[in-house]
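Thank you all for coming; I would like to walk through one strand and its partners, and then a pair of helices. Please keep the picture in view while I talk.

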Amino acid sequence: MKLKKQIAVLLALVLFFVAVDFGFYNVFTKRYINHTSEQMQAKSIELDKYLPFDEKSQIVKLDSDFKLKDSLPVIDGAAALYPVFSAFVNAVYPSDSVSFDGENFTKESVLQYTNTRGAYKAVVDGDADLIFCAKPSDEQKKYAEDNGVDLEYVPIGLEAFVFIVNINNPVDNLSTENIKDIYSGKIINWSEVGGNRKFIDPITRNKGSGSQTALISFMNGQKIKKNPVAVFGSPIGFSFRYYVEGLVANGKVKMLSLNGVYPDKENIANKSYPIVGEIYAVYDKANGNENIKPLIDWILSDEGQKIIEESGYVPLK
């Protein structure tokens, strides 16, 4: 009888810890797991899906009469813009100028990918001639200044900075002031903005990433604070529209309207959506590569703007 009681106690303890572990997983861990592929988790994008000169590639394929043969600018940039600048290379570069080993671009390749932080470092260090990114962070600007590099920023298209929530969250619209109050810790519960009685968990990104830099710019000096019990609630995150809609679309999140305006391409083009920014071609003004400016001129032409539009972004024209 005593043994049976001991076994029952042990089973009860096991079930208790299983329940605690399952609850912890569902409340905390599950929301932060990246369910995309290993390559997507490591690089923020699956490079092999958007390779130039590949029949199976998902890039926009346009064969231009404008071609570069010599003095090819080395290109790099942000994850969300990789399909765009890969399509530029596909349109005007020779096919033997790109080398991919199955995981990364080789050192000899004129097409590189190191994401926003790596790209801004590369253009300052001289490892890249032309990068495609959103605005740099203050640290990235300082790195250029400290190294005596004067960067030129040429707008090539438009994009929206968006906020995302779980698809089941009843909130569809917030004001820009709501967002600032959430990220500064003044609003901590979804019930304060028309949602369920749950804490708001404001998710942030890595320092120096394009989207984190955009959030800091949007906050306009207000300090970002996090409620210590927010992890018990329902999250809100942020990114750029195309990255959410085109690259990691999974049906589990939705983009919010801001001030009653949804971030679709039309509202980005007419700038009625309140957080519209430019995407840039960036280069060192002292860079002597003779093909940087002709390439940018082509990107701003009808052909280049067509690639931007058909890739899912909003062209300048």
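Let me begin with strand β3 (residues 151-166), which is joined to β6 by five bridges, the two running antiparallel; strands here are DSSP runs of E, at least two residues long, and helices are runs of H or I of at least four, each numbered from the N terminus. Two strands pair if DSSP finds at least two bridges between them. Within this pairing, V162 stands opposite S239 in β6.

Before going further, I should say that this is a predicted model, in which local features need pLDDT of at least 70 and side-chain atom pairs count only at pLDDT 80 or more, whereas totals for chains, interfaces and linings use all residues. Residues are numbered from 1 along each chain as its sequence is written, and side-chain values use heavy atoms, with hydrogens and water left out.

Strand β6 also has a parallel partner, since three bridges join it to strand β5 (residues 200-202), and there D201 stands opposite P235. How enclosed is strand β6 (residues 234-240)? Six of its seven residues are buried, so the strand is largely enclosed by the rest of the structure, where buried means under 20% relative accessible area, exposed over 50%, and partly exposed in between, with a 1.4 Å probe and protein chains only.

Now to the helices. In the contact between α4 and α5, T116, R117, Y120, K121, V124 and D125 in α4 meet Q140, Y143 and A144 in α5, contact meaning heavy atoms within 4.5 Å.
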